[in-house]
Amino acid sequence: GRAGRALPDPASPKLSPAERLPALVARVKYEQQNLKTLQANFVQRRQSELLLVPEESQGLFSYAAPDSVRWDYQSPKPISMVILGDEMTTWYQDLDRAEKLSVGRYSGQIHRYLGAGSSLVTLLQYFNVTMVSPDATAEPLRLELKPRYERISKRFQEMTIWLDRAHYLPVRLRYLEPNGDQTEYRFSAMRINEPIAADRFNLKLPPGVAVRVVVPGAHPGR
């Protein structure tokens with residue numbers, strides 16, 4: 001929109017390094033206010049000492065403002081995950097079981113962040129951020145995040161986010177855990193502000209699916 005164009009380009013060489021991050025936050029906030037829905041294809045790639053080869057999953061991601069998120073993993077195993085407000089339900093379709101979990105302040109923040117750019121502002125409270133803007137304007141902006149607090153560094157060693165320059169939405173995200181495990185998401189075929197059926201975020205579990213309520217903090221290392 002017109003107001004968005006009036007905002008400075010966060011990657012502009014006219015801005016000093018100190019001005020860039022505030023300009024980016026302002027732009028993300030603006031774009032977020034105009035984001036009603038987002039659907040995208042995703043690929044998740046996970047590398048771990050426990051895995052002989054990196055594990056790759058793919059599926060469909062859906063988001064509706066202000067806080068409805070759904071991930072449908074289609075391969076290699078069908079898993080549906082819905083976050084509504086502060087509750088996350090994960091349905092392991094081939095196992096006929098589901099788990100419900102209360103999503104804490106930054107536990108599960110990753111899954112929520114991807115849909116809602118406004119959470120970038122939340123993440124900035126927890127991480128020190130370095131912004132890298134490649135010279136090629138078609139290249140995404142890159143944000144490198146390091147945890148500010150010990151309680152977060154227990155979960156994330158570092159995180160990198162790539163934002164596209166058209167909508168300032170994440171097209172790629174990678175995070176490294178303290179044990180060396182690495183997870184990366186890549187998004188494609190983004191569909192912005194197209195209607196999504198309201199029942200998309202109503203996870204209809206078939207009869208016979210066992211539902212377990214997981215209490216955060218009940219597990220060591222959680």
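How many strands form the open sheet, and in what order do they stand? The sheet contains 12 strands in the order 7-8-9-10-11-1-2-3-4-5-6-12, with mixed pairing; two strands are taken as paired if DSSP finds at least two bridges between them. Helices (H or I, at least four residues) and strands (E, at least two) are DSSP runs numbered from the N terminus. The model is predicted, local features requiring pLDDT of at least 70 and side-chain atom pairs pLDDT 80 or more, whereas totals for chains, interfaces and linings use all residues. Residues are numbered from 1 along each chain as its sequence is written, and side-chain values use heavy atoms, without hydrogens and water.

The edges of the sheet are occupied by strand 7 (127–132) and strand 12 (210–214), each of which has a single partner strand, so one side of each is left without a neighbour in the sheet. From one strand to the next the twist averages 15°. Six bridges link strand 7 with strand 8 (residues 141–147) in the antiparallel sense, and Phe127 stands opposite Pro147 of strand 8. Helix 2 (residues 17–33) packs on the sheet and touches strand 2 (55–64), strand 7, strand 8 and strand 9 (158–163), contact being defined as heavy atoms within 4.5 Å. The direction of helix 2 makes about 95° with that of strand 7; axes are lines fitted to C-alpha atoms, for helices over the stretch in contact, and angles between N-to-C directions run from 0 to 180 degrees.

Strand 1 (residues 37–47) pairs antiparallel with strand 2 through 10 bridges, and Gln44 is placed opposite Ser57 in strand 2. Strand 1 is also joined to strand 11, again antiparallel, by nine bridges. In this pairing Arg45 stands opposite Glu184 of strand 11.

The largest nonpolar core comprises 41 residues, of which Trp71 and Leu143 touch the most other members. Such a core is a set of buried Ala, Val, Leu, Ile, Met, Phe, Trp, Tyr and Cys residues joined through side-chain atoms within 4.5 Å; buried denotes under 20% relative accessible area, exposed over 50%, and partly exposed the range in between (1.4 Å probe, protein chains only). Helix 4 (residues 119–126) supplies the largest share of this core, four residues. Another core, of five residues, lies apart from it and includes Trp91, Ala98, Leu203 and Val209.

Salt bridges, each a side-chain nitrogen of Lys or Arg within 4 Å of a carboxyl oxygen of Asp or Glu, number 15. Asp72 takes part in a salt bridge with Arg70, with 2.9 Å between the closest N and O atoms, and both residues are buried. Asp72 also meets Arg200 in a salt bridge (2.5 Å, N to O). Arg200 lies in the loop between strand 11 (182–192) and strand 12, while Asp72 belongs to strand 3 (residues 68–75), so this pair ties together parts that are 128 residues apart in sequence. The relative accessible area of Asp72 is 10%.

A further salt bridge connects the side chains of Lys100 and Glu87 (4.0 Å, N to O). Since Lys100 is located in strand 6 (residues 97–102) and Glu87 in strand 5 (residues 87–92), the pair ties together parts that are 13 residues apart in sequence. Lys100 is partly exposed at 30% relative accessibility, and Glu87 is partly exposed at 40%. Arg172, Arg174, Glu184 and Arg186 are joined into one network by salt bridges that share partners.
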